[in-house]
Amino acid sequence: MKRLFPLFVLFVLFSNSSYAQANLQLNEVVSIDTTVSSGVAHTIYTVPAGKVLKIEFASIYASSSGVNLMGVRINNVAIFSRNGGTGATGRPGNDPLRIVWVKAGDQVQLFSSGAGYTVSGFVSALEFNLVP
């Protein structure tokens, strides 16, 4: 027991004096509702410095059934996508339990394949301040 006490004291001292993460403080609800031309990825939101974004819901709709693939990306990585058809809704990652956190500087993008039509997208998210 005498040997464990100094280790316990060191553990308590280091755990109380070090912080690995910041606290989150809700800043605002972000609702992105936009329409873009098809064929390329369009940046629809960039997370500001000192903030993080929690994407809760995404939906996308094409004006034509000729679209092959459409969805939402973070820095060119798809988090929500659908093949064909004219509409797709749901949570990111096509999983009802999955939420996507996006760090400062990252870009939320709307993308689609094909050309000659428009794509409408909606993203609902919460923006948090990082507070030390």
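Is Asp106 buried or exposed? In this predicted model, Asp106 has a relative accessible area of 10% and is therefore buried. Its salt-bridge partner is Lys103, with the closest N and O atoms 3.1 Å apart. Lys103, in turn, counts as exposed because its relative accessibility is 52%. The pair thus links a buried acidic residue to an exposed lysine.

The structure holds two salt bridges. Besides the bridge between Lys103 and Asp106, there is one between the side chains of Glu56 and Lys54, where the N to O distance is 3.3 Å.

The secondary structure of the protein consists of one helix and nine strands. Read from the N terminus, the order of elements is α-β-β-β-β-β-β-β-β-β. Of the 132 residues in the protein, 31% are buried. The exposed surface of the protein comes to about 8000 Å², and carbon and sulfur atoms supply 57% of this area. Among contacts between residues at least 6 apart in sequence, 76% join residues at least 24 apart.

Two charged residues, Lys51 and Glu127, are described next. Lys51 lies in strand E3, which covers residues 51–62, and Glu127 lies in strand E9, which covers residues 118–131. Lys51 is buried and has no salt bridge. The nearest side chain of opposite charge to Lys51 is that of Glu127, at 4.3 Å. Glu127 is likewise buried without a salt bridge, and Lys51 is its nearest side chain of opposite charge. The separation of 4.3 Å does not qualify as a salt bridge because the nitrogen and the carboxyl oxygen must lie within 4 Å.

Each of these two side chains has a polar contact with another residue. The side chain of Lys51 is joined to that of Asn129 by a polar contact of 2.4 Å, whereas the side chain of Glu127 makes a polar contact of 2.2 Å with the side chain of Tyr45. With residues up to four places away in sequence set aside, Lys51 touches Asn27, Lys103, Ala104, Glu127, Phe128, Asn129 and Leu130. Lys103, one of the residues that Lys51 touches, is also the residue that forms the salt bridge with Asp106. On the same basis of leaving out neighbours within four places in sequence, the contacts of Glu127 include Gln25, Leu26, Asn27, Glu28 and Val30, as well as Tyr45, Pro48, Lys51, Val52 and Leu53.

Leu130, which is among the residues touched by Lys51, is found in strand E9. Its relative accessible area is 39%, so Leu130 is partly exposed. Together with Leu24 and Trp101, Leu130 forms a nonpolar patch on the surface, and the accessible area of the three residues together is about 300 Å².

Arg73 is located in strand E4, which covers residues 69–74. With a relative accessible area of 23%, Arg73 is classed as partly exposed. Arg73 and Val108 are separated by 35 residues in sequence, but their C-alpha atoms are 5.9 Å apart in space. Val108 is also among the contacts of Arg73 when neighbours within four places in sequence are left aside. The others in that list are Ala41, Ala78, Ile79, Gln107, Gln109 and Phe111.

Methods
Residues numbered from 1 in each chain as written. Predicted model: local features only at pLDDT ≥ 70, side-chain atom pairs only at ≥ 80, totals over all residues. Heavy atoms only, no water. Helix = DSSP H or I, 4+ residues; strand = E, 2+ residues; numbered from the N terminus. Buried < 20%, exposed > 50% of the residue type's maximum accessible area, 1.4 Å probe, protein only. Lys, Arg positive; Asp, Glu negative; His and termini not counted. Polar contact = N/O pair within 3.5 Å; in protein donor to acceptor, adjacent residues only side chain to side chain. Contact = heavy atoms within 4.5 Å. Patch = residues over 30% accessible without salt bridge, like charges linked within 9 Å, V, L, I, M, F, W, Y side chains within 5 Å. Areas by Shrake-Rupley, 256 points an atom, 1.4 Å probe, with all protein chains shown as cover.
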